[in-house]
Amino acid sequence: MTGCSWYTGFADAAGQRIYFCVYLGKSTNSNVSGAKAREIAVKIVSDYLQKSSPDSIAFSMNGLRYRNFL
């Protein structure tokens, strides 16, 4: 069985809004899921914010708040 997953949304941090879409393509790996795509999205947004504003990595993503993810 093959599957694919998407996770799309936005993150608000430091007065900016970041839009994103993570697509995990067709795979026979059972680790492909919306939850895994979300985990990847949080990591990407966290890494981006850490590089652009190292002192502030708290953000809100799709209504959920994150702080010090790294």
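A salt bridge here is a side-chain nitrogen of Lys or Arg within 4 Å of a carboxyl oxygen of Asp or Glu. With that in hand, here are the close-ups; keep in mind that the model is predicted.

**View 1. Lys 43 and Asp 47 pair up in a salt bridge on helix H1.** The gap between the two side chains, N to O, is 3.0 Å, so this pair makes it inside the 4 Å cut-off. What separates the two partners along the helix? They sit 4 residues apart in helix H1, or about one helical turn. As for solvent, Lys 43 has 38% relative accessibility and is classed as partly exposed. Asp 47 falls into that class too, with a value of 26%.

**View 2. Glu 39 and Lys 36 form a salt bridge.** Here the closest N and O atoms are 3.3 Å apart. Both residues belong to helix H1, which covers residues 34-52. Their spacing is 3 residues, again about one helical turn. Are these side chains buried or exposed? Neither, quite: Glu 39 is partly exposed at 45% relative accessible area, and Lys 36 is partly exposed at 23%. If you go hunting for salt bridges elsewhere, note that the search of the whole structure comes up with 2.

**View 3. Cys 4 and Cys 21, with no disulfide to show.** How many disulfides does the structure hold? The count is 0. A disulfide would need a pair of cysteine sulfur atoms within 2.5 Å. Cys 4 is partly exposed, at a relative accessible area of 41%. Cys 21 is partly exposed as well, and its relative accessibility is 45%.

**View 4. Stepping back to the fold: 1 helix and 4 strands.** Reading from the N terminus, the order is β-β-α-β-β, so the helix comes after two strands and before another two. Plenty of the contacts reach a long way along the chain: taking those between residues at least 6 apart in sequence, 44% link residues at least 24 apart.

**View 5. Inside and outside of the protein.** How much of the chain is tucked away as buried? Of its 70 residues, 30% count as buried. On the outside, the accessible surface adds up to about 4700 Å². Carbon and sulfur atoms account for 53% of that area. The salt-bridge residues from the earlier views, including Lys 43 and Glu 39, are partly exposed.

Technical notes: Residues numbered from 1 in each chain as written. Predicted model: local features only at pLDDT ≥ 70, side-chain atom pairs only at ≥ 80, totals over all residues. Heavy atoms only, no water. Buried < 20%, exposed > 50% of the residue type's maximum accessible area, 1.4 Å probe, protein only. Contact = heavy atoms within 4.5 Å. Areas by Shrake-Rupley, 256 points an atom, 1.4 Å probe, with all protein chains shown as cover.
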